[in-house]
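Me: Got a minute to walk through this one with me? I'd like to start with the annotated positions and then move on to the sheets and cores.
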Amino acid sequence: MRTVDAYNFAGKKALVRVDFNVPLDADYRITDDTRIRAAVPTIQKILNDGGAVILMSHLGRPKTGPEEKYSLRHLVDRLSKEFNTTVKFATDCVGPEAAQLAQDLKPGEILLLENLRFHKAEEKGDLEFARELSTLGDVYVNDAFGTAHREHASTAVIARYFPNDKVMGYVMHAELDNARRVMDNAERPYTAIMGGAKISDKILIIEKLMDKVDNLLIGGGMSYTFVKADGGEIGSSLVEEDKVELARRLIAMAREKGVNLMIPVDSIIADEFSNEANVDTALSHHIKPLWMGLDIGPNAREMYADVIRNSKTILWNGPMGVFEMSNFSVGTEAVAEAVVDATRRGAYSLIGGGDSAAAVNQLGYADRVSYVSTGGGALLEYMEGKTLPGVAAIERDDY
């Protein structure tokens with residue numbers, strides 16, 4: 001893989017695609033700077049070499065052009081403090097101002113461009129927009145793994161304008177390295193923990209994992225589709241009716257392949273979808289009418305923790321319950337603690353982005369697991385065996 005380590009940035013202007021899609025509060029303050037911190041080593045390497053850095057990113061999902069709440073201007077102070085310099089800011093990512101600021105940039109300086117998605121051309125993968133962006137720098141660095149599964153102008157198309165000067169940053173390299181480790185070089189026993197709301201989001205990865213894992217632990221809203229497929233009564237729990245037959249097939253596939261597929265034996269149930277709801281515990285296969293399962297129960301927590309602690313490789317994607325509500329976060333916390341414990345004992349643990357990464361960060365466990373991915377969707381697609389345009393654009397000469 002072509003990485004920044006193989007490139008000397010002295011005297012070069014590096015156009016770096018980062019993933020600065022960070023959460024902001026109502027006053028535009030950053031509430032989680034994980035993605036910014038992740039990109040620091042790549043930026044620092046360029047600066048240490050004697051290069052200049054032009055940062056481009058998206059933030060949120062603006063619908064109709066510029067919106068104050070999605071402006072990258074709100075990141076300037078945080079970045080200036082991080083690099084102990086005044087980070088320059090262009091109020092558009094293309095056009096005369098951006099071109100002039102890029103042209104005047106000196107070695108050791110940093111320029112941040114405004115949100116790429118203020119232009120519809122970004123998500124359309126527009127060739128002319130990619131070409132205009134490319135004129136700002138001498139070398140293209142993609143360090144935005146979280147968007148590597150998108151064929152956008154700044155994540156894939158732009159690379160064709162840098163045939164001999166395109167590399168991936170440390171985040172991208174580490175993400176691929178860690179994903180390959182759990183997919184191709186996993187030490188056994190290997191346990192995958194799959195949570196989240198919908199089975200439809202995880203079908204391909206579950207099927208792929210069936211040939212690799214020893215244990216597959218199911219949690220979150222998707223577990224009730226499995227419970228129903230297994231003949232259970234699930235009350236008003238979340239269920240994908242059109243996926244019940246698929247869940248039944250996955251249960252049979254696990255049996256056939258000798259995979260220990262575990263559905264939570266019990267659940268924390270509530271009479272409405274609210275943290276203030278009445279709460280009870282029930283066997284997952286016998287949930288009362290009008291009640292819904294919102295977290296794995298105490299027996300399931302114990303059983304899952306036991307399997308996790310005895311594992312040598314752990315992949316976790318998706319929470320065990322409605323983690324954002326305190327009454328239904330206990331299952332996710334218990335799984336996180338078990339993963340930390342297993343890691344301390346020598347297991348390799350990969351937390352697969354999205355809500356499970358947020359949970360681990362929130363609980364303060366990020367430095368007590370092996371690797372926390374910054375790219376939920378991209379990681380899943382990579383593990384499903386799909387080609388990621390952002391990766392192919394760097395690795396292949398014909399992209």
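Me: Is Asp-355 buried or exposed?
Reply: Exposed. In this predicted model, Asp-355 has a relative accessible area of 54%, and the cut-off for exposed is over 50%.

Me: Where does Asp-355 sit?
Reply: Asp-355 is in helix α12, which covers residues 354-362.

Me: Which annotation covers Asp-355?
Reply: The UniProt record, an unreviewed entry, has a "binding site" annotation there. It covers Lys-202, Gly-293, Glu-324, Gly-353, Gly-354, Asp-355 and Ser-356.

Me: Take Gly-293 from that set. Buried or exposed?
Reply: Gly-293 is buried, at 8% relative accessible area. That counts as buried because the cut-off is under 20%.

Me: Which element holds Gly-293, and what does Gly-293 touch?
Reply: Gly-293 belongs to strand β14, residues 292-296. Leaving out residues up to four places away in sequence, Gly-293 touches Tyr-224, Ser-237, Ser-267, Ile-268, Ile-269 and Ile-287.

Me: What sheet is β14 part of?
Reply: An open sheet of three strands, ordered β12-β11-β14, with antiparallel pairing. β12 (279-283) and β14 are the edge strands, each pairing on one side only. The twist averages 40° from one strand to the next.

Me: How many bridges join β11 to β12?
Reply: Five, between β11 (residues 266-270) and β12, running antiparallel. One pair to look at: Asp-266 has Leu-283 in β12 as its bridge partner.

Me: What packs on that sheet?
Reply: Helix α10, residues 298-309. Helix α10 touches β11, β12 and β14, and its direction makes about 140° with that of β11.

Me: Switching sheets. What is the strand order in the six-stranded one?
Reply: β3-β4-β2-β1-β5-β6. That sheet is open too, and the pairing is parallel.

Me: Why is one side of β3 and of β6 left without a neighbour in the sheet?
Reply: Because β3 (88-90) and β6 (166-168) stand at the edges, each with a single partner strand. The twist in this sheet averages 25° from one strand to the next.

Me: What joins β2 to β4?
Reply: Three bridges, between residues 52-56 of β2 and residues 110-113 of β4, with the strands parallel. Val-53 stands opposite Ile-110 in β4.

Me: Which strands does helix α3 lie across?
Reply: β1 (13-17), β2, β3 and β4. Helix α3 covers residues 96-104 and runs at about 150° to β3.

Me: Now the cores. Which residues touch the most other members of the largest nonpolar core?
Reply: Leu-113, Leu-216 and Phe-226, out of 78 residues. Helix α9 (residues 244-257) gives the largest share, seven residues. Domain 1 (4-172) and domain 2 (186-384) each supply at least three residues.

Me: What is Phe-226 in contact with?
Reply: Setting aside neighbours within four places in sequence, the contacts of Phe-226 are Ile-199, Ile-206, Ile-218, Ala-247, Leu-250, Ile-251, Leu-261 and Ile-263.

Me: What about the second core?
Reply: A separate core has 29 residues, including Val-4, Ile-46, Ile-110 and Val-167.

Me: Last one, Thr-3. Where does Thr-3 lie, and is Thr-3 buried or exposed?
Reply: Thr-3 lies in the segment before β1. Thr-3 is buried, with 11% relative accessible area. Not counting residues up to four places away in sequence, Thr-3 touches Val-167, Met-168 and His-173.

Key:
Residues are numbered from 1 along each chain as its sequence is written. This is a predicted model: local features need pLDDT of at least 70, side-chain atom pairs count only at pLDDT 80 or more; totals for chains, interfaces and linings use all residues. Side-chain values use heavy atoms; hydrogens and water are left out. UniProt positions are given in the numbering used here, feature names are shortened, and annotations may be inferred rather than shown by experiment. Helices (H or I, at least four residues) and strands (E, at least two) are DSSP runs, numbered from the N terminus. Buried means under 20% relative accessible area, exposed over 50%, partly exposed in between (1.4 Å probe, protein chains only). Contact means heavy atoms within 4.5 Å. Two strands pair if DSSP finds at least two bridges between them. Axes are lines fitted to C-alpha atoms, for helices over the stretch in contact, and angles run from 0 to 180 degrees between N-to-C directions. A nonpolar core is a set of buried Ala, Val, Leu, Ile, Met, Phe, Trp, Tyr and Cys residues joined through side-chain atoms within 4.5 Å. Domain bounds come from an automatic or database domain assignment.
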